[in-house]
Amino acid sequence: MGLMEILKECGVPKGSFYHYFASKEAFGCALLQQYVDEYIEKLARLLAETGNGRESLMRYWNAWIADPTSSSDSANPVQGWADDCLVVKLAAEVADLSEDMRRVLDAGVQQLLARIAALIDEAREDGSVPDGAPSPALARMLYQMWLGAALLTKLSQNRMPLHQALIATETLLACDQTPPNVPIT
């Protein structure tokens, strides 16, 4: 959909749009930043629930499969965070087309990876997850696996890759050995 179609549908004159945004790319960056901010807030609400570190980690990964705030019926099955993830939907395209938009998405991912690593550290501190690979490396490995599972889920129209990622996540979190040659960054 083109910008003119959006503006016409919303009843916004083109001049008014360019008063607020220098370009369509600037508008795209603002939309992505809003998405990142809302995602981080949604994550904070999810993690505010009680439980140990491992339970918080698994609550996050389970939300990829089924959003705990959504309800479902036979006509509208529960969707998870993976279904609406803009990183899954846009990362490859944005990375090739817009450096500014790529930076916004990458900064959001880096924020998320830092939060996941902190959750792993919290879980290790409370004893609910054993020591193992450095938390930043483990966080990145888990996130990469879940992104891949989300892509495969979209392609196959089958949630099995997400369920397999959940099983693999449980296994990786239970490992108390650092795999050889795991880069930290």
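Biologist: Which residue just after α6 takes a positive phi?

Modeller: This is a predicted model, where local features need pLDDT of at least 70, side-chain atom pairs count only at pLDDT 80 or more, and totals for chains, interfaces and linings use all residues. Residues are numbered from 1 along each chain as its sequence is written, and side-chain values use heavy atoms, leaving out hydrogens and water. Helices are DSSP runs of H or I, at least four residues, numbered from the N terminus. With a phi of about 80°, the residue just after α6 is G127.

Biologist: Happy to follow! How far apart are the end C-alpha atoms of α6?

Modeller: The expected span is 1.5 Å times one less than the number of residues. For the 27 residues of α6 that gives 39 Å. The model agrees, with the end C-alpha atoms apart by 38 Å.

Biologist: Nice. Which helix gives the largest share of the largest nonpolar core?

Modeller: A nonpolar core joins buried Ala, Val, Leu, Ile, Met, Phe, Trp, Tyr and Cys residues through side-chain atoms within 4.5 Å. The largest one has 46 residues, and W146 is among those with the most contacts inside it. Helices α3, α4, α5, α6, α7 and α8 each supply at least two of its residues. The largest share, eleven residues, comes from α6.

Biologist: And is T153 buried or exposed?

Modeller: T153 sits in helix α7, residues 135-156. Buried means under 20% relative accessible area, exposed over 50%, and partly exposed in between (1.4 Å probe, protein chains only). T153 has 8% relative accessibility, so T153 counts as buried.
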